[in-house]
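Subject: Structure handover

Hi,

Here is the structure I promised to pass on. Please open it alongside this message, and the notes below should help you find your way around.

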Amino acid sequence: MKPVRLRGHHLLCVHGFRGMGYSPSFVEKMWEIVARIRDEHDDFPIEVVAALDEACLACPHHGETTCEAGPNSDAHVRSLDGNVIRHLGLEPGNVYWKSELIRRTAERVKPDDLDELCRNCSWLPYGVCKEGIANVRRGNVAQT
């Protein structure tokens with residue numbers, strides 16, 4: 001089974017995702033990924049990266065290898081990736097089972113941790129990410 005490629009910060013985004021995004025194609029791709037993450041019967045391998053992933057490829061701001069939304073966008077999203085990867089105790093480029101990543105998220109990430117992990121993320125003020133992490137901590141992955 002080929003692993004799904006997800007960048008570090010998207011490991012948290014999927015739990016708060018509510019359909020907001022950069023374009024219809026990005027939203028559609030995120031819903032596909034989120035549906036699999038939230039399906040409690042579908043455990044699958046995920047390659048954790050600090051680079052463009054499957055969701056990014058549907059975003060209108062992706063370049064060949066970097067985020068091109070703005071002059072500092074790629075550095076910013078890579079810093080978010082690094083924050084999450086370190087906080088979860090992961091290694092970039094390694095493959096983990098979805099269930100393991102959800103377990104680590106539930107054990108290691110509190111909603112208020114997002115203030116630091118996701119500093120300056122444009123989606124953080126909406127509050128849906130913190131709600132999603134709170135649900136994961138309660139064991140309600142399917143309801144995030």
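What follows is a short tour of what turned up, beginning with the core and ending with a backbone detail.

Please keep in mind that this is a predicted model.

**The core**

The largest nonpolar core is made up of 36 residues, and those with the most contacts inside it are Leu11, Ile37, Ile46, Val48, Leu90 and Leu114. At least two residues of this core come from each of S1, H1, helix H2 (24-38), strand S2 (45-49), H3, helix H4 (98-108), H5 and H6. Helix H2 supplies the largest share, six residues. If you want a place to start looking, try Val48: leaving aside residues up to four places away in sequence, Val48 touches Leu6, Leu11, Ile85, Leu90, Glu91, Pro92, Gly93, Asn94, Tyr96 and Leu101.

**Aromatic rings**

Searching the whole structure gives two aromatic pairs. In one of them, the ring centres of Phe17 and Trp31 are 4.8 Å apart and the planes stand at 75 degrees, so this pair is edge-to-face. The pair links distant parts of the chain, with Phe17 in the loop between H1 and H2, Trp31 in helix H2, and their positions 14 residues apart in sequence. Phe17 counts as buried at 8% relative accessibility, whereas Trp31 is partly exposed at 37%. The rings of Trp123 and Tyr126 have centres 5.9 Å apart and planes at 35 degrees, so that pair is tilted. Trp123 counts as partly exposed, with 22% relative accessibility.

There is also a charge over a ring: Arg36 lies over the face of Phe44, 3.9 Å from the ring centre.

**Two histidines**

His9 sits in the loop between strand S1 (4-7) and helix H1 (10-16). Is His9 buried or exposed? His9 is buried, because its relative accessible area is 11%, and the cut-off for buried is under 20%. The side chains of His9 and His10 are joined by a polar contact of 3.5 Å. Beyond residues up to four places away in sequence, His9 touches Val77, Leu80, Asp81 and Val84.

His87 belongs to helix H3 (residues 73-88) and is partly exposed, with a relative accessible area of 29%. Its side chain makes a polar contact of 3.5 Å with the side chain of Asp113. Asp113 is also among the residues that His87 touches, along with Arg108, Val109 and Leu117, when residues up to four places away in sequence are not counted. From His87 to Thr105 the C-alpha to C-alpha distance is 9.0 Å, with the two 18 residues apart in sequence.

**The loop between H5 and H6**

Arg119 lies in the loop between helix H5 (114-117) and helix H6 (128-137), and is partly exposed at 46% relative accessible area. The side chains of Arg119 and Glu116 make a polar contact at 2.2 Å, a distance you may like to look at yourself. Again not counting residues up to four places away in sequence, Arg119 touches His76, Leu80 and Leu114. Arg119 and Leu80 are 39 residues apart in sequence, yet 7.7 Å apart in space, C-alpha to C-alpha.

Asn120 is in this loop between H5 and H6 too, and is exposed with a relative accessible area of 66%. Most residues other than glycine have a negative phi. Asn120, however, has a positive phi, near 70 degrees.

Happy browsing, and all the best!

Terms used
Residues are numbered from 1 along each chain as its sequence is written. This is a predicted model: local features need pLDDT of at least 70, side-chain atom pairs count only at pLDDT 80 or more; totals for chains, interfaces and linings use all residues. Side-chain values use heavy atoms; hydrogens and water are left out. Helices (H or I, at least four residues) and strands (E, at least two) are DSSP runs, numbered from the N terminus. Buried means under 20% relative accessible area, exposed over 50%, partly exposed in between (1.4 Å probe, protein chains only). A polar contact is a pair of N or O atoms within 3.5 Å; within protein, one must be able to donate a hydrogen and the other to accept it, and residues adjacent in sequence count only if both atoms are side-chain atoms. Contact means heavy atoms within 4.5 Å. A nonpolar core is a set of buried Ala, Val, Leu, Ile, Met, Phe, Trp, Tyr and Cys residues joined through side-chain atoms within 4.5 Å. Rings of Phe, Tyr and Trp (its six-membered ring) pair if their centres lie within 6.5 Å; planes under 30 degrees apart count as stacked, over 60 as edge-to-face and the rest as tilted. A charge sits over a ring if NZ of Lys or CZ of Arg is within 6 Å of the ring centre and within 35 degrees of the ring normal.
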